[in-house]
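Open the model in your viewer and keep the selection tool ready. Each stop below says what to select and what is there.

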2 protein chains.
Amino acid sequence: MSRPAITLAARALPDLPEITAGSDLAALIAGAGIPMDDGDVVVVAQKVVSKAEGRVVRLEGVRPSARAIELAQDQRHDPRAVQVVLDESSQVLRAERGVLICRTRHGLVCANAGVDASNASESGTVILLPHDPDASARELRARLGALTGRRPAVVIGDSFGRAWRHGQSDVAIGCAGLAPLQDWRGRLDRQGRALNATWIAIADQVAGAADLVRAKDSGEPVVVVSGLDPHITPEDGPGARSLIRPPEEDLFR
Amino acid sequence: MSRPAITLAARALPDLPEITAGSDLAALIAGAGIPMDDGDVVVVAQKVVSKAEGRVVRLEGVRPSARAIELAQDQRHDPRAVQVVLDESSQVLRAERGVLICRTRHGLVCANAGVDASNASESGTVILLPHDPDASARELRARLGALTGRRPAVVIGDSFGRAWRHGQSDVAIGCAGLAPLQDWRGRLDRQGRALNATWIAIADQVAGAADLVRAKDSGEPVVVVSGLDPHITPEDGPGARSLIRPPEEDLFR
């Protein structure tokens, strides 16, 4: 029952130029001189996808609501930035210690609805999550395919805080061509016993692995991961949306 | 500001023999024929560490309490297995749909307090988490050092369910010689802006990366990860215990 040893390898693309609205991210990735294969996964940091898509808001044009002003006072934040967070949220779950924990309109649960001022190109601006990160991943995959003749999978990663544990871990907020979950439930272990609770968040682990090879202060938003061939799919698949656990099924929070 | 490209590589050790109480896990790992260096991280699945440490309970010797019998009825479980879960828990957070979500005596929050019947060597037995997984990691590291003349770091990984998201991701429950968290808070991004919320759960992401290269039904509980030199420490360090977020600081659940 021996399988050939899988080697996972992850390598950051060299510095990309500053990404702005309309940057051709796929062309920059394809032109970076790292060979890419059909079985690879190109993991792209959310922030550059958002920038290329123009998901940047100038705070000077934002009129904060009474609720944003109230939350901002408690949190010592710019009320206009809080307004942007509220606009991106379907629900504010917590507002404590300078952080708003929100459910985004995509269903993602994260700090400040993913709205971020760090790594913004200009001061006075904040960056939002992509409007539809799975669609962003599909589009990037299609463009990379057209440019390179290869069809690597694409994951869009972002750093999320977690319940119960310190620190952040990258998760997949968008995904195309990679099976986001691997289901071993009902399969048997070596003793023929059911592997009960084994349902693996492949795409999140790929995003986390990619995060290990790039420094947060550097211009290395893209990592190519190889060795994941068994999880690559010709179709784009269900996307990272399928990783979102509906609140009513959530026993872990 | 260009750094040399980091390549992360992860490779599963070939099949190990069945591990039982008293198995010399370090000797089996050292003898597996995979070269290991000081900058590597040896990621070991919790289950084989537990087995080698004899953390296996025969259910026939367990007398379930009234509470275990009651919980087992609701959950359709063996009341003796539920008793073992209760013995390992400091708190039962949820008891629903066949799963007990518990805080273990270590402070870890996971299903069934980490008590598992899958991959047990004998039926009628369950496997517990190591008594002190950080101590297990330190001991493995010391033994690997003595046997190989190298001092790779050691991570003990286990698959945990998460709040908000489907599927499981491997996390570090034990760690020696790897900085479990990397703190970028207060550091500056390329525009000189503070990287506010950037505190990275390195050890958890390493555990997740290692999980990507081994199949759950195979005898591949050990993965060697290279390319993490910047996170390796000569001292064993604070361990995976430092990844546990105290409930009173937890905004994410």
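Start just after helix α5 of chain B: select G149(B), which takes a positive phi of about 75°. Helices (H or I, at least four residues) and strands (E, at least two) are DSSP runs, numbered from the N terminus.

Before moving on, note the ground rules. This is a predicted model, in which local features need pLDDT of at least 70, side-chain atom pairs count only at pLDDT 80 or more, and totals for chains, interfaces and linings use all residues. Residues are numbered from 1 along each chain as its sequence is written, while chains are lettered from A and ligands numbered from 1 in the order in which they are written.

**Helix α5, chain B**

Select residues 133-148 of chain B. This is α5(B), with 16 residues. From first C-alpha to last, α5(B) reaches 22 Å, close to the 22 Å expected at 1.5 Å a residue. The expected span is 1.5 Å times one less than the number of residues.

Which residues of α5(B) are buried? Colour P133(B), D134(B), S136(B), A137(B), E139(B), L140(B), R141(B) and L144(B): these are buried. A residue is buried if 20 or more other C-beta atoms lie within 10 Å of its own, exposed if 12 or fewer, and partly exposed in between; C-beta atoms are placed from the backbone.

Now show what covers them. The cover includes α1 (25-30), β2 (41-45), α2 (46-52), β8 (153-161) and β9 (168-176) of chain B.

**The three-stranded sheet, chain B**

Stay in chain B. Select β4, β5 and β6: they form an open sheet in the order β4-β5-β6, with antiparallel pairing. Two strands pair if DSSP finds at least two bridges between them. The edge strands are β4 (89-96) and β6 (109-111) of chain B, each pairing on one side only. Neighbouring strands of this sheet are turned by 25° against each other on average, direction ignored. Such axes are lines fitted to C-alpha atoms, for helices over the stretch in contact, and angles run from 0 to 180 degrees between N-to-C directions.

Zoom in on β5 (residues 99-104) of chain B. Over 3 bridges, β5 pairs with β6(B) in the antiparallel sense. Pick I101(B); its bridge partner in β6(B) is A111(B).

**Over to chain A**

Chain A has 6 helices and 12 strands. Of its 253 residues, 51% are buried.

Colour two blocks: domain 1 (9-54 + 130-243) and domain 2 (56-126) of chain A. Domain bounds come from an automatic or database domain assignment. The C-alpha centres of the two domains lie 26 Å apart. Their contact takes 11 residues from domain 1 of chain A and 9 residues from domain 2 of chain A. Two residues are in contact if their C-beta atoms, placed from the backbone, lie within 7 Å. On the domain 1 side, α2 and β8 of chain A are the elements that give two or more residues. β8(A) gives the most, with 3 residues.

**Strand β8, chain A**

Select residues 153-161 of chain A. Is β8(A) buried or exposed? All 9 of the 9 residues are buried, so the strand is largely enclosed by the rest of the structure. A153(A), V155(A), G157(A), S159(A) and G161(A) point one way, and V154(A), I156(A), D158(A) and F160(A) the other way.

Add the partners. Strand β2 (residues 41-45) of chain A runs parallel to β8(A), joined by 5 bridges. There, V44(A) has I156(A) as its bridge partner. Strand β9 (residues 168-176) of chain A pairs with β8(A) in the antiparallel sense over 8 bridges. Here G157(A) is matched with A172(A). In the hairpin of β8(A) and β9(A), 6 residues lie between the strands, and W164(A) takes a positive phi near 70°.

**Two last picks**

Select V49(A), in helix α2 (residues 46-52) of chain A. V49(A) is buried, with 27 other C-beta atoms within 10 Å. Not counting residues up to four places away in sequence, V49(A) touches L25(A), V44(A), P130(A), S136(A) and I156(A).

Finish on V206(A). Leaving aside neighbours within four places in sequence, V206(A) is in contact with residues including V41(A), V155(A), A172(A) and, from the other chain, L212(B).
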